[in-house]
Amino acid sequence: MQASGTTDPVNEDNAENATQGRRAPHSAPNSDDERISGKLIGAIVAVGSLAFIGILTETVMTVLFPQLMREFNVNTATVQWITTIYLLTVAATMPLSSYLNRKFKHRVLFLAAVALAVLGSLTMIFGHAFPVILVARIIQGIGSGVATPLMMNIILEQSPRSKVGRLMGVGSLVITVAPAIGPTVGGAVSSILPWRAIFVIVIPVILLISLPVGLKCIEQHRPTEEAHLNPLQFAAIVLALCGLVMFLNQAGVAVAAAVSGGAATAPAIFAVISLIVGLGSLFFFGWSSRRSFSPLIRLGWLRDPMVLLHLIAYMLLPIVGIGFGYVITNLAQLSLGTNAFLAGALVLPGALIGAFFAPIGGTLYDRFGPVRPILGAFFLAICGPILLLVFSMRLTPATLAGFYFIFGLGYALGFSNIMTNALRSIAPQFMPDGNAVFNTCLQFGGAAGTALFSTVLSVAQAGAGKEGTEAFSHATAVGGSWTFTVMIVIVAVAICCLITAFRIGAKRK
């Protein structure tokens with residue numbers, strides 16, 4: 001029960017509107033003008049390119065994991081923190097996006113994201129110890145955590161109503177192309193240059209392309225507000241995210257140690273403590289947000305079960321979508337014996353071509369509504385891991401790439417439409433809050449996916465000998481079959497959530 005005098009009345013009104021199924025009008029300015037301005041496209045590209053670079057370098061590092069394991073003398077469970085710490089930092093920064101969007105102008109946030117991206121890249125170039133590399137990834141993660149929701153807020157605030165699905169698809173395209181080319185770039189660059197050259201290349205791109213385009217095209221269509229930061233709630237959500245991801249990681253370490261006959265007590269205790277801290281902090285954040293007059297994120301709109309089910313699906317699917325990059329590149333190198341360049345290239349067809357279908361998925365959403373475009377896309381996507389499971393013990397590089405292509409195509413067609421459909425069901429003034437929550441869940445799902453699948457592979461590899469032996473390759477293939485099974489279950493649960501949400505929407509109509 002909420003304390004008297006501390007309830008956010010607007011928040012409660014919105015929750016009531018959501019419960020009654022009333023669709024809020026879209027907040028795009030100049031709704032009579034359905035043309036998409038060149039400056040809007042430029043702003044999307046400029047801000048999205050910063051998130052693009054962050055994800056690009058994340059997937060570049062993924063394909064280099066075997067090389068980094070040798071350079072820094074760490075194991076599979078440890079090296080994956082290069083990816084996990086980045087995704088976790090992005091997820092921890094996302095809850096601030098609602099506050100930042102209300103408090104600061106778009107251009108100020110853009111410049112902050114540029115500065116963080118450059119600083120993180122410089123740290124990667126000159127860092128020669130594993131902890132320093134992790135610090136660099138944290139800096140880059142904060143930059144991406146500012147840039148990604150900024151791009152989505154610009155789209156939601158400034159795009160014409162009839163084009164919102166298409167432009168959300170364009171925003172998704174800007175971000176999802178990065179996982180497509182990241183492994184290939186990483187494999188290609190590492191074949192001819194030191195891996196740090198990647199970060200030497202991205203700095204001129206940021207300063208000579210993203211920065212001038214953003215300064216020219218980013219506009220402010222909404223006045224700023226006197227928003228106040230609630231540090232206790234921010235600390236709670238950061239602890240929740242860190243605790244839950246650490247639980248997945250340490251639980252995997254404990255299981256792998258138990259399987260190989262090592263000491264599993266310490267990581268098991270740490271996993272339990274992390275779970276308690278994570279869940280406790282999450283519940284405290286929700287409780288505190290309900291009682292606060294000015295919460296970090298307003299959550300009343302989540303009382304609508306249709307929106308909540310969309311959010312669950314939106315969090316589950318990136319576990320598979322982002323985790324796939326880790327699984328394919330490592331399975332190809334450690335089980336099929338390919339080099340880093342070929343392993344990265346296997347991700348390219350599915351991710352790159354699939355990513356370019358994101359705007360098409362948005363167009364289908366604008367034309368036919370949410371049900372057929374979203375469900376059709378994910379019924380197609382689930383066929384990919386099913387085929388990978390069936391052929392898991394006799395995969396070739398070609399079949400690995402081909403079956404992933406099926407998943408990538410379906411994922412790209414439907415994923416951005418989930419968030420679009422959910423946010424169009426809430427009041428305009430709460431869109432920054434919804435954007436913050438959805439993007440936080442996206443990044444948390446990615447961090448959880450990398451931690452989860454690296455754990456599964458580590459468990460399968462435990463006690464199988466050294467890398468390069470036949471026993472180790474076979475164990476990795478077995479771990480691949482386990483990961484594909486987990487992927488199928490996750491996608492199936494997400495589809496069930498979406499079907500239930502659409503049934504609720506149909507009953508309201």
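This is a short talk on the salt bridges, aromatic pairs, cysteines and surface of the structure shown above.

Hi everyone, and thanks for coming. One reminder before we start: what you see here is a predicted model.

Let's begin with charges. How many salt bridges does the count come to? It comes to three, and I'd like to walk you through each of them.

In one of them, R508 pairs with D304, and their closest N and O atoms are 2.6 Å apart. R508 sits in helix α20, residues 470-508, while D304 is in the loop between α12 and α13, so this bridge ties together parts that are 204 residues apart in sequence. Is D304 buried or exposed? D304 is buried, because its relative accessible area is 1%, under the 20% limit for that label. Its partner R508 is partly exposed at 29%.

Another bridge joins E219 to K39, with 3.6 Å between the closest N and O atoms. Here E219 belongs to the loop between α10 and α11, and K39 to helix α2, so the link spans 180 residues of sequence. Both ends are partly exposed: E219 has a relative accessibility of 31%, and K39 has 40%.

Then there is R196 with E71, at 3.5 Å from N to O. R196 comes from the loop between α9 and α10 and E71 from helix α3, so parts 125 residues apart in sequence are tied together. In this pair the arginine, R196, is buried at 12%, whereas E71 is partly exposed at 40%.

Now for the rings. Across the whole structure, the search finds 14 aromatic pairs. Take W195 and F199: their ring centres are 6.4 Å apart and the planes stand at 85 degrees, so we call the pair edge-to-face. Both rings belong to buried residues, with relative accessible areas of 3% for W195 and 0% for F199.

Set beside that F391 and F403, whose centres are 5.5 Å apart with planes at 35 degrees, so this pair is tilted. F391 lies in the loop between α17 and α18, and F403 in helix α18, so the pair connects parts twelve residues apart in sequence. F391 is partly exposed at 31%, but F403 is buried at 15%.

Which residues form one aromatic cluster? Have a look for W301, Y314, F324, F378, Y404, F407, Y411, F415 and F438.

On to the cysteines, and a quick one: the disulfide count is zero. C383, for instance, is in no disulfide, and the nearest cysteine sulfur, on C496, is 15 Å away; a disulfide would need the two sulfurs within 2.5 Å. C383 itself is partly exposed, at 34%. C217, on the other hand, is buried at 12% relative accessibility.

Let's finish with the surface and one leucine. I201, V205, L207, L208 and I209 make a nonpolar surface patch of about 460 Å². Of these, I209 lies in helix α10, which covers residues 197-217.

The leucine is L239, in helix α11, residues 231-260. L239 is partly exposed, with a relative accessible area of 45%. Leaving aside residues up to four places away in sequence, L239 touches V277, G278 and S281. And if you like a distance to check for yourselves, the C-alpha atoms of L239 and D433 are separated by 19 Å, with their positions 194 residues apart along the chain.

That's my tour, and I'm happy to take questions.

Technical notes
Residues are numbered from 1 along each chain as its sequence is written. This is a predicted model: local features need pLDDT of at least 70, side-chain atom pairs count only at pLDDT 80 or more; totals for chains, interfaces and linings use all residues. Side-chain values use heavy atoms; hydrogens and water are left out. Buried means under 20% relative accessible area, exposed over 50%, partly exposed in between (1.4 Å probe, protein chains only). Rings of Phe, Tyr and Trp (its six-membered ring) pair if their centres lie within 6.5 Å; planes under 30 degrees apart count as stacked, over 60 as edge-to-face and the rest as tilted. Helices (H or I, at least four residues) and strands (E, at least two) are DSSP runs, numbered from the N terminus. Patches are made of residues with over 30% relative accessible area and no salt bridge: like charges are joined within 9 Å, nonpolar side chains (Val, Leu, Ile, Met, Phe, Trp, Tyr) within 5 Å. Accessible areas come from the Shrake-Rupley method with a 1.4 Å probe; for residues, only the protein chains shown count as cover. A salt bridge is a side-chain nitrogen of Lys or Arg within 4 Å of a carboxyl oxygen of Asp or Glu. Contact means heavy atoms within 4.5 Å.
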